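Hello,

Here is the structure we talked about handing over. Please open it and keep it beside you while you read my notes below.

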Amino acid sequence: MAVATNTQTRQRTCIGCGKQATKGRLLRIVRTASGTVEFDDTGKASGRGAYVCSSACWEKACNTKKVPRALKCSVSAEDMQRISGHLAQASVTAL
């Protein structure tokens, strides 16, 4: 007799639009242990993470101050610009 396993894939939520998706379908921003904010292209970097589904949602999250709230740290305008560039490249690469 086979035992059915209930393995659900954990869903992450985009901080820009609130859309839920699996980890692989979202882009991750991480606050590292040293306090810097980086784009996590591997999705596996250690630190506190926040997810967005597109660069447009990243911009929306930046404008509504959801990024500092999600990462629980202050994020400079320079960091936001640098991450915007990485997200734009990641979005193009994913297509």
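Strands here are DSSP runs of E with at least two residues, numbered from the N terminus. On that basis Arg12 falls in strand β1, residues 11-13. One caution before the rest: this is a predicted model.

Arg12 first. Is Arg12 buried or exposed? The cut-off for buried is under 20% relative accessible area. Arg12 has 19%, so it counts as buried. Its C-alpha atom is 5.9 Å from that of Thr22, although 10 residues separate the two along the chain. Beyond its neighbours within four places in sequence, Arg12 is in contact with Lys19, Gln20, Ala21, Lys23, Leu26 and Tyr51.

Next, Arg28. This arginine lies in strand β3. Its relative accessible area is 8%, and because buried means under 20%, Arg28 is buried. Which residues does Arg28 touch, not counting those up to four places away in sequence? They are Glu38, Phe39, Asp40, Gly43, Lys44, Ala45, Gly47, Arg48, Gly49, Ala50 and Tyr51. Gly49 is 21 residues away from Arg28 in sequence, yet their C-alpha atoms are 6.3 Å apart.

The polar partners of Arg28 are worth a look on screen. Its side chain reaches the backbone oxygen of Ala45 at 2.7 Å. It also reaches the backbone oxygen of Gly47, at 3.0 Å. With Tyr51 the link is between side chains, a polar contact of 3.4 Å. Tyr51 is also on the contact list of Arg12.

Now the hairpin. β3 and β4 pair in the antiparallel sense, over four bridges. Five residues sit between the two strands. Gly35 is in that turn and has a positive phi of about 95°. Across the pair, Ile29 stands opposite Phe39 of β4.

Ile29 leads on to the core. In soluble globular proteins, nonpolar side chains tend to be buried together. The largest nonpolar core in this model has 21 residues. Which members touch the most others? They are Ile29, Val52, Trp58, Val67, Leu71 and Leu87. At least two core residues come from each of β3 (27-31), β4 (37-40), β5 (48-52), α1 (55-63), α2 (66-71) and α3 (77-94). Both strands of the hairpin are therefore on that list, as β3 and β4 each supply at least two residues.

Take Val67 as an example from the core. Leaving aside neighbours within four places in sequence, Val67 is in contact with Ile15, Trp58, Ala61, Cys62 and Val75. Trp58, one of these partners, is itself among the members that touch the most others.

Last, two lysines in loops. Lys65 is in the loop between α1 and α2. Its phi is near 60°, a positive value in a residue other than glycine. Lys72 is in the loop between α2 and α3. Its phi is near 55°, again positive and again not in a glycine. Are these lysines buried or exposed? Exposed means over 50% relative accessible area. Lys65 is at 61%, so it is exposed. Lys72 is at 58%, so it is exposed too.

Best wishes

Conventions. Residues are numbered from 1 along each chain as its sequence is written. This is a predicted model: local features need pLDDT of at least 70, side-chain atom pairs count only at pLDDT 80 or more; totals for chains, interfaces and linings use all residues. Side-chain values use heavy atoms; hydrogens and water are left out. A nonpolar core is a set of buried Ala, Val, Leu, Ile, Met, Phe, Trp, Tyr and Cys residues joined through side-chain atoms within 4.5 Å. Buried means under 20% relative accessible area, exposed over 50%, partly exposed in between (1.4 Å probe, protein chains only). Contact means heavy atoms within 4.5 Å. Two strands pair if DSSP finds at least two bridges between them. A polar contact is a pair of N or O atoms within 3.5 Å; within protein, one must be able to donate a hydrogen and the other to accept it, and residues adjacent in sequence count only if both atoms are side-chain atoms.
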